[in-house]
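Welcome to a short tour of a protein model. Please take a moment with the sequence and the 3D view before reading on.

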Amino acid sequence: MFELTPQDLLLTTPQGNWVENSGNVQIFVGGGQPGYAKGLRHSMNLTGENYQTY
C-alpha cells in the first residue's frame, strides 16, 4: 500500500505551470507504460477547486 499526495497528482501546462484539476483521474502502477506493461489501474474522482501553482 502507498499514499499519493496532492503534489503527486499535479499536471504541467504548456507554459510550465503546475495545475491540479478536479475530475476523474486514472492511476496506473506498473513497470512500464499503461496498455503495454502489467500493472494495476484505479479510477478516482477529485473534487474541489482547480488551482495553479507558479
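The report below goes from the whole chain to its sheet and then to single residues.

**The whole chain**

What you see is a predicted model. The mean pLDDT of the protein is 85, and 98% of its residues reach 70 or more. Confidence varies among the elements: strand 2 has the highest mean pLDDT, 90, while strand 5 has the lowest, 75. As a general reminder, predicted coordinates should not be read in detail where pLDDT is low.

How many helices and strands does the protein have? The count is zero helices and five strands, so, read from the N terminus, the elements run β-β-β-β-β. The radius of gyration of the protein is 13 Å, well over the 10 Å that the globule rule gives for 54 residues, so the protein is more spread out than a compact globule. Its C-alpha trace spans about 35 × 25 × 20 Å along the principal axes. Of the 54 residues in the protein, 13% are buried.

**The sheet**

Now for the way strands come together. Three strands make an open sheet, in the order 1-2-5 and with antiparallel pairing. Strand 1 and strand 5 (51-53) stand at the edges; each has a single partner strand, so one side of each is left without a neighbour in the sheet. Strand 1 and strand 2 (residues 18-20) run antiparallel and are joined by two bridges. If you would like to find this pairing in the view, look for Thr 12, which stands opposite Trp 18 in strand 2.

**Three residues to look at**

The table sets side by side three residues, with their places and relative accessible areas.

| Residue | Place | Relative accessible area | State |
|---|---|---|---|
| Leu 4 | segment before strand 1 (11-12) | 36% | partly exposed |
| Glu 20 | strand 2 | 14% | buried |
| Leu 46 | strand 4 (residues 39-46) | 13% | buried |

Is Glu 20 buried or exposed? Glu 20 counts as buried because its relative accessible area is 14%, and buried means under 20%. Leu 46 meets that cut-off too, because its relative accessible area is 13%.

Leu 4 is partly exposed, with 36%. Together with Phe 2 and Val 29, Leu 4 makes a nonpolar surface patch of about 270 Å².

**Distances along the chain**

Two pairs of residues help to give a sense of scale. Glu 20 and Gly 35 are 15 residues apart along the chain, and their C-alpha atoms are separated by 24 Å. Leu 46 and Val 29 are 17 residues apart along the chain, with 18 Å between their C-alpha atoms. Val 29 is also one of the residues of the nonpolar patch, and Leu 46 is in strand 4.

Terms used: Residues are numbered from 1 along each chain as its sequence is written. This is a predicted model: local features need pLDDT of at least 70, side-chain atom pairs count only at pLDDT 80 or more; totals for chains, interfaces and linings use all residues. Side-chain values use heavy atoms; hydrogens and water are left out. Patches are made of residues with over 30% relative accessible area and no salt bridge: like charges are joined within 9 Å, nonpolar side chains (Val, Leu, Ile, Met, Phe, Trp, Tyr) within 5 Å. Accessible areas come from the Shrake-Rupley method with a 1.4 Å probe; for residues, only the protein chains shown count as cover. A salt bridge is a side-chain nitrogen of Lys or Arg within 4 Å of a carboxyl oxygen of Asp or Glu. Helices (H or I, at least four residues) and strands (E, at least two) are DSSP runs, numbered from the N terminus. Buried means under 20% relative accessible area, exposed over 50%, partly exposed in between (1.4 Å probe, protein chains only). Two strands pair if DSSP finds at least two bridges between them. pLDDT is the predictor's confidence in each residue, from 0 to 100. The radius of gyration is taken over C-alpha atoms; the globule rule is 2.2 Å times the number of residues to the power 0.38.
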